[in-house]
Each structure stands twice: as C-alpha cells, then as structure tokens.
Amino acid sequence: MQITTVGTHSTSIVMVRGSVPILWSQPGYKYKPTLVLDKDFDKSSQVLEQHFVEQLSIYHRVCIINTLNQTGQERKLVDAYEEHLLKINTPDISYVAFDFHKICHGSSQIQNVQLLLDRIDSIVKDFKFFWLNTAQADSILCLQDGVIRVNCMDCLDRTNVVQSYIAKEVLTTMVSLQGYCSGSSTSPLVPTVVTL
C-alpha cells in the first residue's frame with residue numbers, strides 16, 4: 001500500500017503481492033531447488049479458486065502480473081498457473097505475463113519494466129486510486145476499484161521492482177492531479193476522477 005498526505009489531500013493505492021496460488025513446493029536446501037507441482041490438479045484448482053474468490057470479494061477486479069520466467073524450470077509453474085486460471089474464466093481477472101529476467105536481462109536493463117507499464121496503463125487507469133480531500137463536503141474524490149497482483153517465484157526481487165515502478169507512476173499521477181508537479185497531461189496513468 002502506498003499512502004500520501006499533502007495538506008487536506010490523502011491518496012492511496014493498494015497492490016497485492018503473492019506467490020502462485022496453486023499447490024507447489026521446492027523441497028531441499030539447494031540454491032535453486034527443483035520445483036515440484038502437487039499431483040492433485042483438482043485440489044490445486046480449489047486453492048486457486050478460493051484465493052481469487054476472496055480477492056474479488058475485496059477488490060472487485062484483479063490484474064495478475066506474472067513475472068516468472070517463460071522458459072526453464074519456472075515454465076512448468078507458469079503452465080500450471082495459466083491452466084488453473086483458465087478454469088475460473090471471469091472477465092474480472094486479467095492476466096499479464098512479463099518474463100522479467102528475459103525482458104530486463106536479469107536486472108541490467110531494469111528500465112525495461114516501462115514496457116510492462118505501457119501494457120497495463122489502461123488497466124491501472126481503470127482501477128484508479130483512492131483520493132480524499134477533507135476540505136470538501138463530499139470529501140471522497142476517487143475510489144480504487146481493482147487491484148494489481150504481482151507475483152514471481154518467491155515474491156521478492158521481481159515483485160518489488162514491478163510494484164515500485166507501478167507505485168512511482170501512480171504517485172506521479174496523484175501529485176500531478178493535486179497540482180504539486182507539472183506534467184499531469186503527459187502521465188499515461190491519469191485516471192478519470194469522479195466525485196461521488
């Protein structure tokens with residue numbers, strides 16, 4: 001969650017981080033342990049479905065950003081994740097595969113995360129963010145209606161980088177709309193602000 005308060009304005013955006021919500025493990029203590037998928041497909045589907053039913057009940061819509069490698073050992077987990085997601089089949093869940101290591105060449109070209117932001121800017125715009133102005137009678141200016149859910153293998157480096165880039169873009173929009181920096185018209189994530 002990112003919260004900013006300037007004067008009478010408070011804004012926030014909520015993002016979710018998590019592992020791939022199916023049954024899998026990496027037994028052992030090696031640097032890169034072997035990935036093992038649970039053999040019970042139905043049980044894994046039930047876990048995934050329960051997870052997203054809960055997410056949808058809280059956030060209404062979910063955009064999954066999967067930063068796993070599309071090759072090698074992680075591909076096995078990507079395939080299983082996508083297969084389970086297809087069973088849910090709801091327009092309230094969108095899925096974006098972003099092979100972080102391939103596109104960002106490890107982390108040597110981290111600026112390539114912008115390619116992901118370009119792909120999801122309409123989703124982030126549509127999901128909006130929360131904006132409160134306590135100086136007005138109708139103080140809620142905007143409500144967030146959807147959440148970005150980012151995952152990698154262990155929810156550390158790739159997830160941190162992607163969520164940081166999204167948060168920075170949304171923060172730029174937040175302060176621009178409040179008039180604290182110039183360039184709000186150039187931000188790709190400027191949402192339509194509605195007064196409730």
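# Exercises on a predicted protein model

Helix α1 (residues 41-59) packs against helix α2 (residues 72-88) at an angle of about 65°, and their axes lie 10 Å apart. The model is predicted, and the exercises below start from this helix pair.

## Exercise 1. The packing of α1 and α2

Task: Describe the crossing of α1 and α2, and state which residues make the contact.

Solution.

Step 1. Two packed helices are described by the angle between their axes and the distance between the axes. For α1 and α2 the angle is about 65° and the distance is 10 Å.

Step 2. The handedness is stated next: α1 and α2 cross in a right-handed manner.

Step 3. From α1, the contact draws on Phe41, Asp42, Ser44, Ser45, Leu48, Glu49 and Phe52. From α2, the partners are Tyr81, Glu83, His84, Leu85, Lys87 and Ile88.

Step 4. Sorted by character, the residues of this contact comprise 6 nonpolar, 3 polar and 4 charged.

## Exercise 2. The chain as a whole

Task: Summarise the secondary structure, the extent and the burial of the protein chain.

Solution.

Step 1. The secondary structure consists of 5 helices and 10 strands.

Step 2. Along the principal axes, the C-alpha atoms fill a box of roughly 55 × 40 × 25 Å.

Step 3. A residue is buried when its relative accessible area is under 20%. Of the 196 residues in the chain, 43% count as buried.

Step 4. The surface exposed by the chain is about 10300 Å², and carbon and sulfur atoms supply 54% of it.

Step 5. Consider the contacts between residues at least 6 apart in sequence: 67% of them join residues at least 24 apart.

## Exercise 3. The nonpolar cores

Task: Identify the elements that give two or more residues to the largest nonpolar core, and say which of them gives the largest share.

Solution.

Step 1. In soluble globular proteins, nonpolar side chains tend to be buried together. The largest nonpolar core here has 26 residues, and those with the most contacts inside it are Ile65, Ile120, Ile148 and Ile166.

Step 2. Two or more residues of this core come from each of β6 (62-66), α4 (113-127), β9 (140-142), β10 (147-151) and α5 (157-177).

Step 3. The largest share, 7 residues, is that of α4.

Step 4. Leaving aside residues up to four places away in sequence, Ile120 touches Ile65, Val96 and Ile166.

Step 5. A second, separate core has 20 residues, including Val14, Leu48, Phe52 and Tyr81. Leu48, Phe52 and Tyr81 also take part in the contact of α1 with α2.

## Exercise 4. A link across the sequence

Task: State which residues Val6 touches, not counting residues up to four places away in sequence.

Solution.

Step 1. Val6 belongs to strand β1 (residues 2-6).

Step 2. Its contacts of this kind are with Gln178 and Tyr180.

Step 3. Val6 and Tyr180 are 174 residues apart along the chain, yet their C-alpha atoms are separated by 9.3 Å.

Step 4. Val6 counts as partly exposed because its relative accessible area is 32%, which falls between the limits of 20% and 50%.

## Exercise 5. Positive phi angles

Task: Locate His60 and Asn89, and decide whether each is buried, partly exposed or exposed.

Solution.

Step 1. His60 lies in the loop between α1 and β6. Although not a glycine, His60 has a positive phi of about 75°.

Step 2. With a relative accessible area of 45%, His60 is partly exposed.

Step 3. Asn89 is located in the loop between α2 and β7 (93-97). Asn89 is not a glycine either, and its phi is positive, at about 50°.

Step 4. The relative accessibility of Asn89 is 66%, so Asn89 counts as exposed, the limit being over 50%.

Notes
Residues numbered from 1 in each chain as written. Predicted model: local features only at pLDDT ≥ 70, side-chain atom pairs only at ≥ 80, totals over all residues. Heavy atoms only, no water. Axes fitted to C-alpha atoms, helices over the stretch in contact; angles between N-to-C directions. Helix = DSSP H or I, 4+ residues; strand = E, 2+ residues; numbered from the N terminus. Left-handed = near helix turned anticlockwise from the far one by under 90°. Contact = heavy atoms within 4.5 Å. Nonpolar A, V, L, I, M, F, W, Y, C, P; charged D, E, K, R; others polar. Buried < 20%, exposed > 50% of the residue type's maximum accessible area, 1.4 Å probe, protein only. Areas by Shrake-Rupley, 256 points an atom, 1.4 Å probe, with all protein chains shown as cover. Core = buried A, V, L, I, M, F, W, Y, C linked by side-chain atoms within 4.5 Å.
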